[in-house]
Amino acid sequence: MEFIKRLRRYRFFQHSFTDPSEFFDSLIVVPSMVAKLTNLNVLNKDHQVFTWNLAPVVTGMLTYFYTSFDTAYAVRESTEELIFCLVTIGIGIQGAGRIFTFLIFREKLVWIHQYTKELYREECNPRTKSFLMDSVFLLSVILKVMLTCYAFTSISLVVAPLLFTIASGEKILPFGFYLPYWDRFTWFGYFSNYVLHIFMTVYVSSMDMGTDSIYMMTLMSAFTQIDLLKMSLEEMSEMVDQKHEDLENFFKKLINRHQEHLHYLRTVEIVYCFNFFITFLCLASVLIMSLFAVVKLSWYQGYVFIAFISYQLFFGCFLGTLLAMKNEQLQHEIYKISWYKLSIPHQKLLQFMLKSAQEPVCLTVIFAPLDMGTFLQVYKSIYSMFTMLLTVQEEE
């Protein structure tokens, strides 16, 4: 955390906020502006799902899938081009899953954001203010780094093929789909397709940047909630030893906060489980094809897609594992309470809280927990299917 604090000396990470609630609310401004390009600025209070703003989103997705499927049929005789096109379709399907998730569960996402903002406001006191400001600052650093990396990757994805085309004369496009009835091997047809690909790159990047930023804010807020509970448990432990007269009210507030936290996580699970299921299903299939094309067909662009897909699979699982680790820390804090010094009713309340913490809400991909164990298992399955595909291809 000391390293993060030292970043405040750089202008890029500086801010002028003194209230953690206002600071947190300001972090959604840039992701919302980015997500607005695909009508996914769902945390904007004036946002409406079914408006004319939805028309460009639907048009973009229809154009994406029509040109992709048409291209897949046109290049069916070329293994490399067909794989490139199928990879593009798989990424598009997981993108459609994100759009569905954020539009259907818009009200729940708004509640998640509003609850966190209100929690920061209510919990801001001399004991916790410094911690809350540090937590929000850490989140701001992560979001700024994420958005910068996304912007760099998106620009590279568009510029690299153009530079390669200029250097070699071979007409390379960022994605594996082409405009139907246009000869992409002529310079006019190539640049016409290139304009479409730039539009699609902006479209996909804005969708990923906006939705991933919101998910990061959601999970980081859950971590902060657990840290606040731990701080309250430490304070309560002192009150137990001192036999503080206000212990009962403090105890009730603590349990209420923990129940709110569990409700928060259940809401997050409802919103994201289908999205991550589609993401794992589509991107795992795409990753197998990309690996095959890189190894057998020397498809250099496949390296970019392998890195992008691996990040997408890793992103949710890593945060899910951190959440599980945080919950274990919360359990340890409950264990440290001198329960034998409590009255019988308070002992029962502590037991109830401990049992709730021992059966936490686990984020899932519907059929499996969203954690690093699942990530490794998925990669083992991908490797097994990839090696089987290589074996079958060599036997032929």
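In this predicted model, the charged end of Lys171 sits over the ring of Trp187, at 4.3 Å from the ring centre. A second lysine is placed in a comparable way, since Lys144 lies over the face of Phe12 at 5.6 Å from the centre of that ring.

Aromatic rings also pair with one another in this structure, and the count comes to 27 aromatic pairs. One of them joins Trp111 and Tyr115, whose rings are stacked, with 5.3 Å from centre to centre and 15° between the planes. Both residues belong to helix 6, which spans residues 106-123, and they stand four residues apart, or about one turn of the helix. Trp111 is partly exposed, with a relative accessible area of 32%, whereas Tyr115 has a relative accessibility of 14% and therefore counts as buried, the limit being under 20%.

Another pair is formed by Tyr272 and Phe276, with ring centres 6.2 Å apart; the planes stand at 40°, so the pair is tilted. These two residues lie in helix 9, which covers residues 247-297, and they too are four residues apart, about one turn of the helix. Both Tyr272 and Phe276 are buried. Their rings also take part in a cluster, in which ring pairs link Phe102, Tyr150, Tyr215, Tyr272, Phe276, Tyr311 and Phe315.

The helices that carry these two pairs pack against each other, as the table sets out together with the packing of helix 5 (residues 79-104) on helix 9.

| Helices | Axis distance | Angle | Handedness |
|---|---|---|---|
| helix 6 and helix 9 | within 10 Å | roughly 155° | left-handed |
| helix 5 and helix 9 | 9 Å | about 170° | left-handed |

The axes of helix 6 and helix 9 cross at roughly 155°, which makes helix 6 roughly antiparallel to helix 9, as angles over 145 degrees are classed in this way. On the side of helix 6, the contact is made by Lys108, Leu109, Trp111, Ile112, Tyr115, Thr116, Leu119, Glu122 and Glu123, so that both members of the stacked pair, Trp111 and Tyr115, are found among the contacting residues. Helix 9 contributes residues including Arg257, His261, Tyr264, Val268 and Tyr272, and Tyr272 is the residue whose ring pairs with that of Phe276.

For helix 5 and helix 9, the angle of about 170° likewise means that the two helices are roughly antiparallel to each other.

Conventions:
Residues are numbered from 1 along each chain as its sequence is written. This is a predicted model: local features need pLDDT of at least 70, side-chain atom pairs count only at pLDDT 80 or more; totals for chains, interfaces and linings use all residues. Side-chain values use heavy atoms; hydrogens and water are left out. Rings of Phe, Tyr and Trp (its six-membered ring) pair if their centres lie within 6.5 Å; planes under 30 degrees apart count as stacked, over 60 as edge-to-face and the rest as tilted. Buried means under 20% relative accessible area, exposed over 50%, partly exposed in between (1.4 Å probe, protein chains only). A charge sits over a ring if NZ of Lys or CZ of Arg is within 6 Å of the ring centre and within 35 degrees of the ring normal. Axes are lines fitted to C-alpha atoms, for helices over the stretch in contact, and angles run from 0 to 180 degrees between N-to-C directions. Angles under 35 degrees count as roughly parallel, over 145 as roughly antiparallel, 65 to 115 as roughly perpendicular and the rest as oblique. A crossing is left-handed if the near helix is turned anticlockwise from the far one by less than a right angle, and right-handed if clockwise. Contact means heavy atoms within 4.5 Å.
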